[in-house]
Amino acid sequence: MANLKERIDAVRKEFDEAARRAADAKSLEELRTAYLGRKRGHVTLLFEDLKSVPAEEKREAGRLVNELKQSVTVRLDAIEGQLSSVPPAVSAAGTDLTLPGRKRYVGRPHPLTLFEEEIERIFLGMGFSIEEGPEIETDYYNFEALNFPPHHPARDKWDTLFIKGDLLLRTHTSPVQVRVMERSKPPIRIICPGRVFRRETPDPTHLPMFMQVEGLVIDEGVTFAHLKGTLEYFLRALFGEKIKVRFRPSFFPFTEPSAEVDIECLVCSGKDPACRVCGGTGWKEILGSGMVDPQVLKNVNIDPEKYSGWAFGLGIDRTAMFAYGIPEMRYFYENDLRFLRQFGTK
Ligand code: PHE
């Protein structure tokens with residue numbers, strides 16, 4: 001019996017050492033066979049030895065051998081579990097697989113693009129389609145067809161960057177109205193987003209290049225009520241049901257009557273007389289609009305006796321500043337990734 005006990009201890013010690021070296025499935029399998037193999041496993045052989053133990057000690061000896069078998073089995077199973085859950089630290093190609101991965105930066109749309117798409121989505125839902133026009137325009141489309149006679153003082157409101165002769169950088173998206181009306185017949189229901197240019201000194205709310213979206217509806221029986229209803233619906237969809245909107249009489253050579261539209265100041269809600277965004281008025285102008293002037297319809301051969309319509313032009317950058325709470329328009333164009341990465345999650 002003493003002899004058997006010693007052998008049990010020896011087998012246990014050997015096994016423990018061998019188990020520590022089992023690093024892959026193959027050596028684990030070899031280990032299992034060496035100790036638990038049906039004919040010649042070290043533990044199996046100990047059961048053979050039990051036969052020669054005197055009867056009165058058999059019980060105790062049997063218990064010890066069984067205990068060893070049990071602990072060997074548990075240990076082998078534990079190693080197997082570990083090997084299958086932990087991938088090898090170094091791949092066949094020698095790459096350290098335990099190093100944390102390097103995250104690649106995935107690009108995403110610019111905040112102004114996101115905002116423009118949001119505007120487009122709302123108008124597409126109302127049955128509008130999207131049109132585009134050139135950024136380099138002629139005096140005719142930018143001014144004359146829109147009822148600005150040459151040298152008329154109304155042109156001063158659009159401080160223009162001229163290129164050469166008749167060519168200029170468009171100061172608004174309104175020339176696209178004219179181009180669309182020239183090439184299509186009413187009913188017309190379009191929006192035209194795009195870049196526009198003015199001779200401005202950059203400051204937090206002005207830039208020489210910015211974005212507008214123009215809207216135009218021409219059909220029989222279109223009234224100012226349609227203009228109001230559509231713009232109110234649009235602004236509610238964009239800013240939420242509770243947004244306060246106001247229409248103020250204004251003047252544009254190409255619309256009559258004309259109105260500018262303000263939304264409540266989303267920074268101070270009209271509560272801060274010293275608010276830097278709204279100057280304490282509680283309102284912020286975001287778009288110009290009006291009923292298309294009959295003279296503009298005549299210029300594109302649409303009969304103003306039969307058709308009427310309305311148009312608007314909205315500053316995308318300025319409105320996006322409100323929607324996202326951005327205090328400085330120049331951030332949009334500085335290409336600072338710390339700013340840009342805050343928008344969109346795609
Ligand atoms: N084009 C005008 C602007 O840039 C806005 C406008 C568009 C006004 C359409 C009336 C109708 O200020």
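Which helices and strands each supply at least two residues of the lining of the largest pocket? That was my opening note for today, and I kept in mind throughout that this is a predicted model.

**Entry 1: the largest pocket**

I went through the lining element by element. Two helices came up, helix 7 (174-183) and helix 10 (316-324), along with strand 6 (209-219), strand 8 (255-264), strand 9 (283-292) and strand 10 (308-315). Strand 9 gives the most, with 6 residues.

Next I looked up the space inside, and it comes to about 610 Å³. There are 33 lining residues, and those closest to the centre of this pocket are Arg-198, Phe-210, Gln-212, Glu-285 and Gly-313. I also sorted the lining by character: 13 residues are nonpolar, 12 polar and 8 charged.

**Entry 2: the second largest pocket**

This one has a volume of about 370 Å³. I found 14 residues around the second largest pocket, with Thr-205, Val-277, Met-321, Ile-326 and Pro-327 closest to its centre. Helix 10 turned up again, and here it gives the most to the lining, with 3 residues. The split for the second largest pocket is 8 nonpolar, 2 polar and 4 charged.

**Entry 3: aromatic rings**

My search for ring pairs returned 15 aromatic pairs. I opened two of them.

For Phe-123 and Phe-128, the ring centres are 4.9 Å apart and the planes stand at 70°, so I logged the pair as edge-to-face, the cut-off being over 60 degrees. Phe-123 is buried, at 0% relative accessibility, and Phe-128 is buried as well, at 6%.

For Phe-252 and Phe-254, the centres lie 5.7 Å apart with the planes at 35°, so this pair goes down as tilted. Both of these residues are buried.

I also noted one aromatic cluster, formed by Phe-115, Tyr-324, Tyr-331, Phe-332, Phe-339 and Phe-343.

Then I checked for charges over rings. The charged end of Arg-179 sits over the ring of Tyr-141, 3.9 Å from the ring centre. Arg-341 has its charged end over the ring of Tyr-105, again with 3.9 Å to the centre.

**Entry 4: salt bridges**

How many salt bridges does a search of the whole structure find? I got 19. I wrote up a few of them.

Arg-32 pairs with Glu-80, and their closest N and O atoms are 3.0 Å apart. Why do I say that this pair ties together parts that are 48 residues apart in sequence? Because Arg-32 lies in helix 2 (residues 25-36), while Glu-80 lies in helix 4 (residues 55-85). Glu-80 is partly exposed, with a relative accessible area of 41%.

Lys-51 and Glu-48 form a salt bridge too, with 3.0 Å between the closest N and O atoms. I looked up both partners: Lys-51 is exposed at 59% relative accessibility, whereas Glu-48 is partly exposed at 43%.

Glu-131 and Arg-183 meet at 2.7 Å, N to O. This pair links distant parts of the chain, 52 residues apart: Glu-131 is in the loop between strand 1 (129-130) and strand 2 (136-138), and Arg-183 is in helix 7. Helix 7 is also one of the elements I listed for the largest pocket. Glu-131 counts as partly exposed, at 22% relative accessibility, and Arg-183 as exposed, at 51%.

My last look was at bridges that share partners. They join Arg-246, Arg-248, Glu-260 and Asp-262 into one network.

Terms used. Residues are numbered from 1 along each chain as its sequence is written. This is a predicted model: local features need pLDDT of at least 70, side-chain atom pairs count only at pLDDT 80 or more; totals for chains, interfaces and linings use all residues. Side-chain values use heavy atoms; hydrogens and water are left out. On a 1 Å grid over the protein atoms alone, a cavity is a set of points where a 1.4 Å probe fits but cannot get out, and a pocket is an open set with protein on both sides within 12 Å along at least five of seven lines; lining residues have an atom within 4 Å of a point. Grid points are joined across faces, edges and corners, and a volume is the space filled by probe spheres set on the points. Helices (H or I, at least four residues) and strands (E, at least two) are DSSP runs, numbered from the N terminus. Ala, Val, Leu, Ile, Met, Phe, Trp, Tyr, Cys and Pro count as nonpolar, Asp, Glu, Lys and Arg as charged, and the others, Gly among them, as polar. Rings of Phe, Tyr and Trp (its six-membered ring) pair if their centres lie within 6.5 Å; planes under 30 degrees apart count as stacked, over 60 as edge-to-face and the rest as tilted. Buried means under 20% relative accessible area, exposed over 50%, partly exposed in between (1.4 Å probe, protein chains only). A charge sits over a ring if NZ of Lys or CZ of Arg is within 6 Å of the ring centre and within 35 degrees of the ring normal. A salt bridge is a side-chain nitrogen of Lys or Arg within 4 Å of a carboxyl oxygen of Asp or Glu.
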